[in-house]
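Student: I have a protein chain to look at and some questions about how to read it. Could you take me through it step by step?

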Amino acid sequence: MDDLTEAPPAPRFDGMLIGGPADLPPEARAAAIVADATRVKVPHLGGYEHFERADDQPDDDERQVPEFHWTMRTRIAE
């Protein structure tokens with residue numbers, strides 16, 4: 001297999017997922033989030049948990065972990 005044919009991975013960084021189902025595994029909450037994302041979709045129990053980035057976070061030079069708040073759940077279409 002030629003390594004040149006594979007797309008490079010998107011840059012990722014940590015974020016905090018707030019809200020959503022209580023049984024959402026901690027490793028899913030600590031999952032890497034694509035940089036500059038405004039929305040995150042996490043697969044969970046035959047569906048997706050949707051999170052949106054909080055608008056009230058300051059854009060400064062201090063290292064702050066972005067917060068994503070749960071907004072809804074959708075089911076995977078079969």
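Tutor: Start with a definition. Buried means under 20% relative accessible area, exposed means over 50%, and partly exposed lies in between (1.4 Å probe, protein chains only). This is a predicted model: local features need pLDDT of at least 70, side-chain atom pairs count only at pLDDT 80 or more, and totals for chains, interfaces and linings use all residues. Residues are numbered from 1 along each chain as its sequence is written, and side-chain values use heavy atoms, with hydrogens and water left out.

Student: Of the 78 residues of the protein chain, what percentage count as buried?
Tutor: Apply the cut-off for buried, under 20% relative accessible area. Across the 78 residues of the protein chain, the share that counts as buried is 24%.

Student: What is the accessible surface of the protein chain?
Tutor: Areas come from the Shrake-Rupley method with a 1.4 Å probe; for residues, only the protein chains shown count as cover. Carbon and sulfur atoms hold 53% of the surface. The total for the protein chain is about 6,100 Å².

Student: In what order do the elements of the protein chain run from the N terminus on?
Tutor: Helices (H or I, at least four residues) and strands (E, at least two) are DSSP runs, numbered from the N terminus. The protein chain has one helix and six strands. From the N terminus on, the order is β-β-α-β-β-β-β.

Student: Which strands are the edge strands of the open sheet?
Tutor: Two strands pair if DSSP finds at least two bridges between them. Four strands form the open sheet, with mixed pairing, in the order β2-β6-β5-β4. An edge strand pairs on one side only, and that holds for β2 and β4 (39–44).

Student: How many bridges join strand β2 to strand β6?
Tutor: Strand β2 covers residues 16–18 and strand β6 covers residues 67–75. Methionine 16 has glutamate 67 in β6 as its bridge partner. The two strands run parallel, and the bridges number three.

Student: In which sense do strand β5 and β6 pair, parallel or antiparallel?
Tutor: Follow the partners along strand β5 (residues 47–53). Glycine 47 is opposite arginine 75 in β6, glutamate 49 is bridged to arginine 73, and phenylalanine 51 is opposite tryptophan 70. Seven bridges link the two strands, and the sense is antiparallel.

Student: Which residue in the turn of the β4 and β5 hairpin has a positive phi?
Tutor: β4 and β5 pair over six bridges in the antiparallel sense. Two residues lie between them in the hairpin. One residue in that turn has a positive phi of about 50°, and it is leucine 45.

Student: Is leucine 45 buried or exposed?
Tutor: Leucine 45 sits in the loop between β4 and β5. Its relative accessibility is 61%. The cut-off for exposed is over 50%, so leucine 45 counts as exposed.

Student: Why does histidine 44 count as buried?
Tutor: Histidine 44 belongs to strand β4. Contact means heavy atoms within 4.5 Å. Leaving aside neighbours within four places in sequence, histidine 44 contacts Pro21, Asp23, Leu24, Pro25, Glu49 and Arg73. Histidine 44 counts as buried because its relative accessibility is 9%.

Student: Which residue in β5 does lysine 41 stand opposite?
Tutor: The residue is found in strand β5. It counts as buried, at 16% relative accessibility. Its contacts beyond four places in sequence include Val40, Lys41, Trp70 and Arg73. Lysine 41 stands opposite histidine 50.

Student: With which side chain does the side chain of threonine 74 make a polar contact?
Tutor: A polar contact is a pair of N or O atoms within 3.5 Å; within protein, one must be able to donate a hydrogen and the other to accept it, and residues adjacent in sequence count only if both atoms are side-chain atoms. Threonine 74 lies in strand β6 and touches Gly47, Tyr48 and His50, not counting residues up to four places away in sequence. At 2.7 Å, the polar partner is the side chain of histidine 50.

Student: How many Å apart in space are threonine 74 and tyrosine 48, C-alpha to C-alpha?
Tutor: Threonine 74 counts as partly exposed, at 28% relative accessibility. In sequence, threonine 74 and tyrosine 48 are 26 residues apart. In space, C-alpha to C-alpha, the separation is 5.3 Å.
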